[in-house]
Amino acid sequence: MLLNVLHRRILFVGGKGGVGKTSLSSALALARAQEGGRVLVVSTDPAHNLGHLWQRRVGDDPIRLADTAEGGLVDGVEIDPHATIDRHLAAVERTMTRMLPEQQHAQVRAHLERARHAPGSHESAVLERIAEAAERGQRDYDLVVFDTAPSGHTLRLLALPGQLAGWTDTLLRNRDRSERFSAAMRGLAGRSAPQTSAESELRQTLHRRRERFDALQRDITDRERTGFVVVFTAEALPVAETLEVVESLDEMRVNVAALIANRRSPDDAGALLRARRTVEDRQLAGLRRRMPDAVIAEIPLIAGELTGQRALADLAALLRSASSPQGVE
Ligand SMILES: Nc1ncnc2c1ncn2[C@@H]1O[C@H](COP(=O)(O)OP(=O)(O)O)[C@@H](O)[C@H]1O
Ligand SMILES: [Mg+2]
């Protein structure tokens, strides 16, 4: 039942730091690949650990993490926002310096440096890569799984496309005195017709970004296409936060595909863990009362080291057999 979520095109996996987002993103991806699917896992958490988990070097371009006997595959990417900002600003700088006389080049560079450090530029770069991965991923793969940064942060990012805040706008905002520079910037901001081919080229690039953000906005609110999986541990604080995340997602009209209670304590491994399990049972019962229609799955606490494809295959098997907890009163 839980694995129905895999038949969407895009999954966002969110939750607090350390709850098991990367492990479960990868296991979900592998489970889909074991059905013959082509899957891309994209880590957007600055604290990347996808490479560590798969024991591979993962970077800004997709690399193969697994091929399955069923003809499926898993590729992985760790998004590097700094590389994105560098690439984008370098392209803008090349165009701007072609557009403007040489004595203004220093000014262009100073302006772009400000854009680099403007509030939101980091988030905007991550968002741009998410939009790009969603677009490319849906073209080249059956499923894209985003292993996201801790919940609050990702929700802010997902809310961003509508506002389009950040460095594109900073870039377009005119703060410079030079008339010609200002005129060029105004032109880019769309207030006058482009004067040169370089200018219209730059404008096209910015327009393309905006289109990409709009497409992302459409995709993430398309309930058939996209789902959000919230990973948590069944303790008071994480459960309270999970409810808040679900509420925010509802407000943003993003579908909550499943909640996964990870690292469930066993009831047959001593008094300490049994006591923990009782606490978790109570928390899960409370959550179920609050969300009677949600898919809430449980993954047990695993004894061994969770790294490498073998361990991930075991976790994928657990996901396959995961069930919703019984309402424990
Ligand atoms: N079900 C589980 N049982 C035992 N350890 C787990 C389980 N799920 C995750 N872990 C471990 O918990 C740690 C954090 O998991 P990770 O997937 O990196 O979390 P996140 O990406 O949310 O920070 C890792 O060491 C991982 O191996
Ligand atoms: Mg992680």
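The following paragraphs describe the predicted model of the protein, from its overall composition and confidence to selected local features.

The secondary structure of the protein consists of 12 helices and eight strands. Of its 329 residues, 52% are buried. Contacts that span long stretches of sequence are well represented: among those between residues at least 6 apart in sequence, 75% join residues at least 24 apart.

The mean pLDDT of the protein is 85, and 84% of the residues reach a score of at least 70. Among the elements, strand β3 (residues 63–67) has the highest mean pLDDT, at 98, whereas helix α7 (residues 167–172) has the lowest, at 49. Two stretches have pLDDT under 50 throughout. One covers residues 164–168, for which the model has 19 contacts beyond four places in sequence. The other covers residues 174–178, with 12 contacts beyond four places in sequence. Where pLDDT is low, predicted coordinates should not be read in detail. The contacts modelled for residues 164–168 and for residues 174–178 are accordingly reported here without further interpretation.

A metal site is present in the model. The magnesium ion (ligand 2) is coordinated by OG1 of Thr22 and OD1 of Asn49, at 2.1 to 2.7 Å. These two residues link distant parts of the chain, being 27 residues apart: Thr22 belongs to helix α1 (residues 21–33), while Asn49 lies in the loop between β2 (38–43) and α2 (50–54). The accessibility of each coordinating residue was also computed. Thr22 has a relative accessibility of 7% and therefore counts as buried. Asn49, by contrast, is partly exposed, with a relative accessible area of 35%.

Helix α1 also contains Ser25. This residue has a relative accessible area of 0% and is therefore buried. With residues up to four places away in sequence left out, Ser25 touches Val13, Val41, Val145, Phe146 and Asp147.

The packing of helix α3 (residues 81–99) against helix α5 (residues 121–140) was examined next. Their axes are 9 Å apart and form an angle of about 90 degrees, so that α3 is roughly perpendicular to α5. On the α3 side, the contact involves Pro81, His82, Thr84, Ile85, Arg87 and His88. These meet Ser121, His122, Ala125, Val126, Glu128 and Arg129 of α5. By residue class, the contact of α3 with α5 comprises four nonpolar, five polar and three charged residues. Nonpolar residues in this contact include Pro81 and Ile85 on α3 and Ala125 and Val126 on α5. Among the charged residues are Arg87 of α3 and Glu128 of α5.

Backbone geometry was considered for two residues with positive phi. Gln55 has a phi of about 55 degrees, a positive value although the residue is not a glycine. Gln55 is located in the loop between α2 and β3. With a relative accessible area of 55%, Gln55 is exposed. Arg263, likewise a residue other than glycine, has a positive phi near 60 degrees. Arg263 is situated in strand β7 (residues 256–264). Its relative accessibility of 40% means that Arg263 counts as partly exposed. The two positive phi values thus occur in a loop for Gln55 and in a strand for Arg263.

Notes. Residues numbered from 1 in each chain as written. Chains lettered and ligands numbered in written order. Predicted model: local features only at pLDDT ≥ 70, side-chain atom pairs only at ≥ 80, totals over all residues. Heavy atoms only, no water. Donors = N, O, S within 2.8 Å, 3.2 Å for Na, K, Ca; no water. Helix = DSSP H or I, 4+ residues; strand = E, 2+ residues; numbered from the N terminus. Buried < 20%, exposed > 50% of the residue type's maximum accessible area, 1.4 Å probe, protein only. pLDDT = per-residue confidence, 0-100. Contact = heavy atoms within 4.5 Å. Axes fitted to C-alpha atoms, helices over the stretch in contact; angles between N-to-C directions. Parallel < 35°, antiparallel > 145°, perpendicular 65-115°, else oblique.
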